[in-house]
Amino acid sequence: DTPMGWDIAGRKEVIMGTKRDDFINYLKSLYSSDNMTVVIAGGITEEKALELAKKYFGEMKNFGVIKAEKVLDEQTKPNLVLKTKTTEQAHLALGVRAIPLDHPDQYPLEILASILGGGMSSRLFHEVRERRGLAYYVRCSLDQYTDCGTLVATAGIDPKRIDDAIKVIKEEYEKIAGGIKPITEEEVKKAKEFLKGHLVLDLEDSKSVASYYASQELLEAKIYDPEEILNLINKVTVDEVNAVAKKYLKKETLNLAVIGNFSDRQRFEDLLK
């Protein structure tokens with residue numbers, strides 16, 4: 001497993017130097033039969049699925065596998081990562097530490113992310129792109145892993161106006177968290193429909209259905225059918241969304257990453273203060 005924040009593609013010299021034995025040793029470190037899940041979706045019977053699983057996986061052996069190190073969440077002040085690179089547009093990610101999988105705040109945070117940057121009616125789209133023309137794209141997402149998670153806004157920005165874009169995104173976080181411009185019932189209603197619509201569309205093909213159930217079986221404590229997920233989304237209240245905004249949109253865990261033709265770290269560190 002790769003530590004959080006590391007590029008899983010690897011460096012060029014590592015890729016070019018990889019040998020057959022490296023792949024075999026990798027398989028021997030993780031591909032134990034009791035560390036795998038086979039999920040089959042589509043026009044197939046249970047009997048046929050079991051027959052195929054036994055045929056192709058029945059001879060696999062059990063062995064001890066390597067384990068990933070736990071992520072320690074100890075951030076106490078805003079952090080900045082600056083990647084200096086010549087690009088026509090600058091790219092930024094501005095977000096906060098959030099929650100791991102199987103956390104009770106998941107669906108209020110999903111709705112918060114949607115309200116912030118889940119479509120053309122979202123706050124960031126309106127304030128950053130439509131009203132000020134600062135971004136080519138802007139979106140927000142909640143990403144969850146087994147022991148940590150993030151709520152992050154990403155945007156492609158005119159390099160000359162990146163300071164303004166960072167200020168506006170940060171201000172939108174502060175308006176919600178500080179109760180200056182709290183989430184409304186109408187926003188929650190729209191976000192629920194957005195999330196439910198995407199879930200239904202995402203499960204239209206068998207590959208997506210298999211992935212949906214496999215990820216839950218592998219990583220989560222319980223498998224929820226799509227109807228149960230829709231019900232959990234429906235149950236979220238506006239008070240719960242405002243509560244998680246106040247809880248997680250904190251200056252202490254604010255993180256900014258910037259890619260562009262910039263070399264002055266201080267200008268971005270000042271914007272985080």
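Helices and strands here are DSSP runs, numbered from the N terminus.

**Figure 1. The whole chain, with its 11 helices and five strands.** Welcome to the overview, which shows a predicted model. Along its principal axes, the C-alpha trace spans about 60 × 50 × 35 Å. The chain has 273 residues, and 33% of them count as buried. Look, too, at how the sequence folds back on itself: among contacts between residues at least 6 apart in sequence, 76% join residues at least 24 apart. The accessible surface comes to about 17,400 Å², and carbon and sulfur atoms account for 53% of that. You can also pick out 40 positive and 45 negative side chains, two sets whose centres lie 5 Å apart.

**Figure 2. A view into the largest nonpolar core, a set of 58 residues.** Four of its residues touch the most other members: L92, L112, L151 and F268. Helix α6 gives the most to this core, with eight residues. Now find F268 and trace its surroundings. Setting aside residues up to four places away in sequence, F268 touches L80, L82, I162, I166, L256, V258 and F262.

**Figure 3. Helix α5 and the elements packed around its buried residues.** This helix covers residues 123-130, and its buried residues are R123, L124, F125, E127 and V128. Which elements do they pack against? Their partners are the helices α4 (106-117), α6 (162-177) and α7 (185-202), together with the strands β3 (135-144) and β4 (149-157).

**Figure 4. A closer look at R123, a residue of helix α5.** Is R123 buried or exposed? R123 counts as buried because its relative accessibility is 6%, and the cut-off for buried is under 20%. A polar atom of the R123 side chain lies 3.0 Å from the backbone oxygen of P182. Beyond its neighbours within four places in sequence, R123 is in contact with I115, L116, E172, I176, K181, P182, I183 and E187.

**Figure 5. N35, in the loop between α2 and α3.** Helix α2 covers residues 20-30 and helix α3 covers 46-57, so you can search for N35 in the loop between them. N35 is partly exposed, with a relative accessible area of 34%. Its side chain reaches the backbone oxygen of L30 at 3.0 Å. Not counting neighbours within four places in sequence, N35 is in contact with L30 and V65. For a sense of scale, find A68 as well: N35 and A68 are 33 residues apart in sequence and 13 Å apart in space, C-alpha to C-alpha.

Terms used
Residues numbered from 1 in each chain as written. Predicted model: local features only at pLDDT ≥ 70, side-chain atom pairs only at ≥ 80, totals over all residues. Heavy atoms only, no water. Helix = DSSP H or I, 4+ residues; strand = E, 2+ residues; numbered from the N terminus. Buried < 20%, exposed > 50% of the residue type's maximum accessible area, 1.4 Å probe, protein only. Contact = heavy atoms within 4.5 Å. Areas by Shrake-Rupley, 256 points an atom, 1.4 Å probe, with all protein chains shown as cover. Lys, Arg positive; Asp, Glu negative; His and termini not counted. Charge placed at Lys NZ, Arg CZ, Asp CG, Glu CD. Core = buried A, V, L, I, M, F, W, Y, C linked by side-chain atoms within 4.5 Å. Polar contact = N/O pair within 3.5 Å; in protein donor to acceptor, adjacent residues only side chain to side chain.
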